[in-house]
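Student: Could you take me through one part of this model in detail? I would like to follow how the aromatic rings pair up, and then see what surrounds them.

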Amino acid sequence: MKTTVNTTVRTTTRTLLAAGLVLGVAAGPAVPPALASAPAPAPASARSANSALEDAIADLPTAEATAALVRVGGTEGVWRGSSGVHDLETNRPADPAARFRAGSVTKVFTAAVALQLAAEGRLDLDRSARSYLPDLIPVSYGGVTVRQLLNHTHGIPAPDFPGDTVEEWYANRFRIHDPEDMVRSATSKKREFKPGERQHYLNIGYTIAGLLIERVTGDSYEHQVSSRILEPLGLRGTSFPGADPRITGPHNHGYQVMKLDDGTTGLRDVSVWGTTDGWAAGDLISTTADLERFTKALFQGRVVRGPLLDQEMFSLPKVTDFRTGAPAAYSVGLSMKKLGGREVWGKTGGRWGYNAAIASTRNGSRTLVYSVNSTDAKGQDANKVALDIMVATFGEP
C-alpha cells in the first residue's frame with residue numbers, strides 16, 4: 001500500500017532526551033484530538049500544562065505525524081489524550097489503546113532484567129562479557145565489562161546491515177538478523193575507543209546483553225523479560241514479535257516518507273516491518289497504559305530493587321560522548337535531561353513509523369508516556385510533535 005502526497009519539510013532545532021525523531025510529510029483531513037484530563041479541578045499550572053498538551057497533539061495528521069497517544073501521570077496531575085488517524089485510507093480516529101513499536105524503550109526492560117540477575121549474583125557487572133561468552137566475544141574485546149555494555153561505554157562499533165537508504169532498508173524489511181551474527185560483525189571491527197573511557201549510544205551493547213541473559217539463565221531473553229516483568233506487572237498488551245514483522249492486535253498504522261515506486265516522494269505504510277535487527281535493544285511492542293504502569297513500578301523500586309537502581313539506572317558514567325565531547329547522558333537503561341529546571345529520566349525509541357518514550361521525574365511526581373506515529377521516525381531531526389509533548393509535560397530544557 002502506498003499513499004502519495006504533496007511534501008512539506010519542516011526542521012526543528014530543539015533537542016531533547018536522545019531520539020532521532022521527525023521531519024517529514026503527511027496528508028489527510030485533520031481529526032480533532034480526543035482528550036481527557038483529570039476529573040478534579042486542576043490548579044492553574046496544571047491547566048496551563050494540559051492546554052499545552054492539547055496544543056501539542058492538535059490537528060493531526062500533519063507533516064510530522066499521523067497520530068499521537070499520550071498519558072501523563074503522577075502527583076502533579078493526570079492527563080490523557082489522543083489525536084490523529086488510525087490509517088490514512090479510512091481516516092478513522094486513532095485508537096488510544098493501540099499497540100505500537102516501542103523501539104529502544106526495550107533497553108529499559110533488558111537493563112532491568114540484567115540488574116535483577118546482578119542482584120541475584122548470577123551476573124557480575126564488573127566481569128567481562130567475554131568470560132560469559134568466550135565463544136562469541138573475541139580477545140580484542142576481552143576487557144569490555146557487563147556494565148560497559150549496559151551504559152554504552154564499551155567501544156564496540158555497530159554491525160553492518162544491508163542498504164544505505166530508507167528505500168533499501170525497506171526492501172530488506174523481512175530479512176532475519178541473528179543476534180550472534182550481529183555481534184560477530186561488530187566485534188570483527190576495530191574498537192571505537194578504550195572501554196570505559198567514552199560513551200557512544202548504540203544497539204550492539206544490548207544485543208550482547210540479551211545473549212548474556214540467555215547464557216546465564218539457560219532461557220530465552222523473551223521469556224526472562226516476560227516472567228520477571230510483563231507477567232508480574234500485568235502488562236498484557238506488551239509482547240515480543242520475534243520474526244513476525246506484524247504488530248498483532250489493534251494498532252494505528254505507521255508511515256514513512258520515502259521515494260515511491262512511481263518515482264515521487266510520499267508516504268508508505270510501514271506498519272509491517274521486521275525488528276530482528278533490534279531484538280533485545282529495540283523490538284518491544286506495547287501500549288501507553290502498559291508502559292505507564294512499568295514506568296511507575298520501575299521508579300518506585302518495584303522492578304529493580306535495592307541500591308542497584310540508584311547506582312546504575314539513576315547514575316551517569318563520568319565520561320564524555322564519543323562524538324560530541326558532551327558529558328555522558330546515558331546510564332544503565334535510561335537517559336537524563338534537565339527539563340523545566342529538574343532532572344527527567346527516561347528513554348525514547350524509534351522504529352519506522354513509530355516513536356515512543358517513557359519519562360519521569362525521579363520522585364514520580366510527573367510521568368509521561370507517548371506514542372507518536374512519526375513520518376520519519378528514525379530521521380536525524382527530532383520530531384516536532386514528540387518534542388512539544390515533552391516540553392508541555394516537563395518544561396523547556
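**A close look at the aromatic pairs and their surroundings**

Tutor: Happy to! Some orientation comes before the rings: the chain folds into 11 helices and 14 strands. Please keep in mind that this is a predicted model. Of its 397 residues, 58% count as buried. Among contacts between residues at least 6 apart in sequence, 72% join residues at least 24 apart.

Now to the part you asked about. Searching the whole structure turns up 10 aromatic pairs. One of them is formed by Tyr170 and Trp273, whose ring centres are 5.6 Å apart with the planes at 70 degrees; planes over 60 degrees apart count as edge-to-face, so this pair is edge-to-face. Where do Tyr170 and Trp273 lie? Tyr170 belongs to helix H5 (residues 166-171), while Trp273 is in the loop between strand E8 (265-269) and strand E9 (284-286), so the pair ties together parts that are 103 residues apart in sequence.

Are these two residues buried or exposed? Buried means under 20% relative accessible area. Tyr170 has 14%, so Tyr170 is buried, and Trp273 has 5%, so Trp273 is buried as well. The pair also belongs to a wider group, since ring pairs link Trp169, Tyr170, Trp273 and Trp352 into a cluster.

Let us step next to helix H6 (residues 179-187), where Pro179 is found. With a relative accessibility of 15%, Pro179 counts as buried. Pro179 and Trp279 are 100 residues apart in sequence, yet their C-alpha atoms are 7.5 Å apart in space. Leaving aside neighbours within four places in sequence, Pro179 is in contact with Trp279, and also with Thr207 and Leu211.

Another residue worth a look is Ala158, placed in the loop between helix H4 (146-150) and H5. Ala158 has 32% relative accessibility and counts as partly exposed. The C-alpha atoms of Ala158 and Val183 are separated by 8.7 Å, with their positions 25 residues apart along the chain. Not counting residues up to four places away in sequence, Ala158 touches Ala186, Lys189 and Leu202.

Helix packing comes next. Two packed helices are described by the angle between their axes and the distance between the axes. For helix H7 (residues 204-217) and helix H8 (residues 221-233), the axes come within 8 Å and cross at roughly 80 degrees. H7 and H8 are therefore roughly perpendicular to each other. On the H7 side the contact is made by Gly210, Ile213, Glu214 and Thr217, and on the H8 side by Tyr221, Glu222 and Gln224. Sorted by class, this contact has two nonpolar, three polar and two charged residues.

Finally, the nonpolar cores. In soluble globular proteins, nonpolar side chains tend to be buried together. Here the largest nonpolar core has 67 residues, and those with the most contacts inside it are Phe109, Ile229, Phe294, Leu298 and Met313. Helix H2 (residues 106-119) gives the most to this core, with nine residues. Not counting residues up to four places away in sequence, Phe109 touches Val225, Ile229, Leu230, Leu235, Leu284, Leu291 and Phe294. Apart from this core lies another, of 22 residues, with Leu53, Ala68, Val344 and Tyr370 among them.

Conventions
Residues numbered from 1 in each chain as written. Heavy atoms only, no water. Core = buried A, V, L, I, M, F, W, Y, C linked by side-chain atoms within 4.5 Å. Buried < 20%, exposed > 50% of the residue type's maximum accessible area, 1.4 Å probe, protein only. Helix = DSSP H or I, 4+ residues; strand = E, 2+ residues; numbered from the N terminus. Contact = heavy atoms within 4.5 Å. Axes fitted to C-alpha atoms, helices over the stretch in contact; angles between N-to-C directions. Parallel < 35°, antiparallel > 145°, perpendicular 65-115°, else oblique. Nonpolar A, V, L, I, M, F, W, Y, C, P; charged D, E, K, R; others polar. Phe/Tyr/Trp six-rings, centres within 6.5 Å; stacked < 30°, edge-to-face > 60°.
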